[in-house]
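Hello,

Here is the structure I said I would pass on. Please look it over before reading my notes underneath.

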Amino acid sequence: MKKQGLIFLLAVCFLQAMQGCRDGKQPDGQNTTEWVARSENFEQNYTLDQLVVLSRHNIRSPLVSKNSVLTRLTNPAYQWFPWEGTPSHLTPRGERLESKMGDFFNQWLSKKGFVTSYTADQSTFRFYANAKQRCQVTARQFANAALPGKNPRVEINVQFDTMDPVFNPQITKISDQFISQAQKEIREMFGEDLNKGIADGYALLERVIDITRAPAYPDTTSFSQFPSAVGFELYQEPFMTGGLKMAYSVSDALSLQYYEEPDDNKAAFGHSLTFEDWVTVSSVKEWYGDVLFTAPSVAVNVAHPLLQTILSEIQNEKRVFTLLCGHDSNIGSVLAALDAEIPDLTGSAEKRTPIGGKLVFECFKGADGNHYADLLLVYAKAEQLRAESTLTYDNPPAGIPLRLKGLKENADGLYLLSELEQRLSQAIEAYDKL
């Protein structure tokens, strides 16, 4: 009888759980009708007031042409994807994908009642992008999809296809002390030998491009044979020399080929690569970006104007939505300056700053009268990018909450807005101490 009773009890629990799922509720009390899982009573306790979004541009062509380092390091029998147009420009696929992300944000903004705010007063929305073609076109595609039929203005404050100082991850304060401190931080974070920490990525890249049959062989047999180093100059981006710079160009182009080429075999030059292998391919360019831009002293230096802009937008009481469109170096340095923890990014081949990804600052008014905020990293998963999937609440992009070290969130995973503003202010003030 005890066994029958236990079976009956388990059956009742199962049916209750299934009923909860049909009602849009998980057994743990989370509401699955929301895009990002929240507690059942989250919307009763918090009202979304504002979104400030720092975006990376979408898929572009490689920064270098096919007839440069890519050709010299690759087996001549291999053919790179025939990218259209100018190197570094947004591709047609990148345009289409950004429109799909904009479509999803339109659903999100409409659900929260933000779109009507734009209709009443266009200054409630701001779309501001770096002047580089890939950023301007990304912002334009996003804006048109987020506010269909409105043709919102996308700000450009310098000559088209040049770097706006706000988005330019350049060193604007330099001294012997800064260089010494930055180099010390880089060694502590990434090791004395920058090549050693990414050796597995090098090995996979060298196998995929068949480097021993490339025109550069035998002078170049491995990326690791060239010592890598970081340098700094005033009003220049941190720069890399050695094998890591060479490997970055290959990793970047191969990752982009993975997104553009639908044939898995062609994307990998005839090699059979798993998704984990593609993560390893991308890890080389992400290691490169982290080394250049995420050491604490470097991050607060290069991110300074963006941190100021983000704080200004959050404190703009009239604004309900802001899009700032730049680069992976912008997101990486801002997150580093804020001392953010980046968890595993499910479904992304890029584990730090996914292509087309968006760092979203959500600001809420609490039912208790306090103001709150959180941070999300929003991105289309690799399979969604490759398939050009439509993004909806039924097939949403990933939305991964980020934590800020040293700040305590409440039971609903939110920070006091004043504490987030203080963290931004501290990162801004750290620049003055360099």
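The notes below cover one helix pair and the cysteines.

Please keep in mind that this is a predicted model.

Helix pair

Helix H9 spans residues 243–260 and helix H11 spans residues 275–293. Their axes come within 8 Å of each other and cross at roughly 135 degrees. Since angles over 145 degrees would count as roughly antiparallel and 65 to 115 as roughly perpendicular, H9 is therefore oblique to H11. The crossing of the two helices is left-handed.

On the H9 side, the contact is made by Leu244, Lys245, Ala247, Tyr248, Ser251, Asp252, Leu254, Ser255 and Tyr258. H11 contributes Phe275, Trp278, Val281, Ser282, Val284, Lys285, Trp287 and Tyr288. Sorted by class, the residues in this contact are 11 nonpolar, 3 polar and 3 charged.

Cysteines

How many disulfides does the model have? The count is 0. A disulfide is a covalent bond between the sulfur atoms of two cysteines, and the cut-off applied here is a pair of cysteine sulfur atoms within 2.5 Å. For Cys135, the closest cysteine sulfur is in Cys325, at 4.9 Å, so the two are too far apart for a bond. Seen from the other side, Cys325 is in no disulfide either, with the sulfur of Cys135 as its nearest cysteine sulfur.

Are these cysteines buried or exposed? Cys135 is buried, at a relative accessible area of 0%. Cys325 is buried as well, with a relative accessible area of 0%.

Regards

Terms used
Residues numbered from 1 in each chain as written. Predicted model: local features only at pLDDT ≥ 70, side-chain atom pairs only at ≥ 80, totals over all residues. Heavy atoms only, no water. Axes fitted to C-alpha atoms, helices over the stretch in contact; angles between N-to-C directions. Helix = DSSP H or I, 4+ residues; strand = E, 2+ residues; numbered from the N terminus. Parallel < 35°, antiparallel > 145°, perpendicular 65-115°, else oblique. Left-handed = near helix turned anticlockwise from the far one by under 90°. Contact = heavy atoms within 4.5 Å. Nonpolar A, V, L, I, M, F, W, Y, C, P; charged D, E, K, R; others polar. Buried < 20%, exposed > 50% of the residue type's maximum accessible area, 1.4 Å probe, protein only.
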